[in-house]
Amino acid sequence: MTTTQERAEGLDDLPYNVFAKACPSRGTLEHVTGRWGGLTLGALYEGSLRFNELRRRVDGVSEKMLSQTLHALERDGLVHREAQPTNPPRVDYELTPLGRGIAERLLSLIHFVEGRMDDVLAARERYDETRGAR
């Protein structure tokens with residue numbers, strides 16, 4: 001079993017560093033952890049979806065934002081787009097193996113946050129009471 005320090009030291013050996021401004025991993029992290037990216041990956045974890053199915057599943061996302069999000073995730077190799085040559089055209093989106101691994105980790109965080117929302121809401125209430133917020 002490795003210690004936290006040993007794991008941290010191992011990270012120094014990686015060729016990418018998300019904390020460095022010019023590192024390409026930063027852009028991918030933004031795509032994955034941004035509001036629409038994380039929700040899109042989480043929704044696709046359940047299985048392949050067509051664009052409008054995905055838009056309904058990710059409540060509140062605009063058509064433009066979902067399209068931009070899917071392009072970014074596809075470019076990063078996290079989402080696969082399958083266009084069927086039918087009339088009308090049918091386009092399905094699904095996670096790649098890499099996308100699936102990332103979505104599993106995101107869903108773990110999502111479920112943790114959902115399970116602790118009572119604590120979060122209580123903390124917000126305490127914060128607002130002490131600061132006079134509405």
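Visitor: How many residues does helix H7 have, and what distance does helix H7 reach from its first C-alpha to its last?

Guide: Helix H7, residues 117-131, has 15 residues. From first C-alpha to last, helix H7 reaches 21 Å, close to the 21 Å expected at 1.5 Å a residue. Please bear in mind that the model is predicted. The same reading can be applied to helix H6 (97-115): its 19 residues reach 27 Å, close to the 27 Å expected.

Visitor: Which residue follows H7, and what is its phi?

Guide: Most residues other than glycine have a negative phi, and most peptide bonds are trans. Here, H7 is followed by Gly132, with a positive phi near 70°.

Visitor: The peptide bond from Asn87 to Pro88: cis or trans?

Guide: That bond is cis, with omega near 0°. Pro88 is in the loop between strand E2 (79-84) and E3.

Visitor: What is the overall pattern of the chain along the sequence?

Guide: The secondary structure comes to 7 helices and 3 strands, and their order along the sequence is α-α-α-β-α-α-β-β-α-α. The chain has 134 residues, of which 24% count as buried. As for contacts between residues at least 6 apart in sequence, 42% join residues at least 24 apart.

Visitor: How many residues does the largest nonpolar core have, and which have the most contacts inside it?

Guide: This core has 20 residues, and Leu41, Leu44, Leu54, Leu70, Val79 and Tyr93 are those with the most contacts inside it. Two or more residues each are given by H3, helix H4 (51-57), helix H5 (63-75), strand E3 (90-95) and H6. H3 provides the largest share, 4 residues.

Visitor: Which residues does Leu44 touch?

Guide: Beyond its neighbours up to four places away in sequence, Leu44 touches Leu49, Leu54, Leu70, Val79, Tyr93, Glu94 and Leu95. Two of these partners, Leu49 and Glu94, merit a separate look.

Visitor: Leu49 first, then: where is Leu49 placed, and does the term buried or exposed apply to it, and why?

Guide: Leu49 is in strand E1. Leu49 counts as buried because its relative accessibility is 17%, and the cut-off for buried is under 20%. With the same sequence neighbours left out, the residues that Leu49 touches are Ala43, Leu44, Leu54, Val91, Asp92 and Tyr93.

Visitor: How is Glu94 to be read, and what is its relative accessible area?

Guide: Glu94 belongs to strand E3. With a relative accessible area of 38%, Glu94 is partly exposed. Sequence distance and spatial distance may be set side by side for this residue. Leu49 and Glu94 are 45 residues apart along the chain, while their C-alpha atoms are separated by 6.7 Å. Glu94 and Glu46 are 48 residues apart along the chain, with 9.2 Å between their C-alpha atoms. Neighbours within four places aside, Glu94 is in contact with Leu44, Ser48, Leu78, Val79 and His80.

Visitor: Which residues of H6 are buried, and what covers them?

Guide: The buried residues in H6 are Gly99, Gly101, Ala103, Leu106 and Leu107. Their cover includes helix H2 (24-33), H3 and E3.

Visitor: Where is Tyr45 placed, and which residues does Tyr45 touch?

Guide: Tyr45 is in the loop between H3 and strand E1 (49-50). Tyr45 is partly exposed, at a relative accessible area of 25%. Apart from residues up to four places away in sequence, Tyr45 touches Leu95, Arg100, Ala103, Glu104 and Leu107. From Tyr45 to Gly101 there are 56 residues in sequence and 9.5 Å in space, C-alpha to C-alpha.

Visitor: What is the volume of the second largest pocket, and which residues line it?

Guide: Rolling a probe the size of a water molecule over the atoms shows where empty space is left. In this structure, the second largest pocket has a volume of about 200 Å³. Its lining is formed by Gly38, Leu39, Gly42, Ala43, Glu46, Arg57, Val58, Asp59, Leu107, Ile110, His111 and Glu114. Helix H3 (35-44) and helix H6 each supply at least two residues of that lining.

Visitor: How do the residues of this lining divide into nonpolar, polar and charged?

Guide: The lining holds 5 nonpolar, 3 polar and 4 charged residues. One residue of the lining, Leu107, has already appeared among the buried residues of H6 and among the residues that Tyr45 touches.

Note on methods: Residues are numbered from 1 along each chain as its sequence is written. This is a predicted model: local features need pLDDT of at least 70, side-chain atom pairs count only at pLDDT 80 or more; totals for chains, interfaces and linings use all residues. Side-chain values use heavy atoms; hydrogens and water are left out. On a 1 Å grid over the protein atoms alone, a cavity is a set of points where a 1.4 Å probe fits but cannot get out, and a pocket is an open set with protein on both sides within 12 Å along at least five of seven lines; lining residues have an atom within 4 Å of a point. Grid points are joined across faces, edges and corners, and a volume is the space filled by probe spheres set on the points. Ala, Val, Leu, Ile, Met, Phe, Trp, Tyr, Cys and Pro count as nonpolar, Asp, Glu, Lys and Arg as charged, and the others, Gly among them, as polar. A nonpolar core is a set of buried Ala, Val, Leu, Ile, Met, Phe, Trp, Tyr and Cys residues joined through side-chain atoms within 4.5 Å. Buried means under 20% relative accessible area, exposed over 50%, partly exposed in between (1.4 Å probe, protein chains only). Contact means heavy atoms within 4.5 Å. The expected span of a helix is 1.5 Å times one less than its number of residues.
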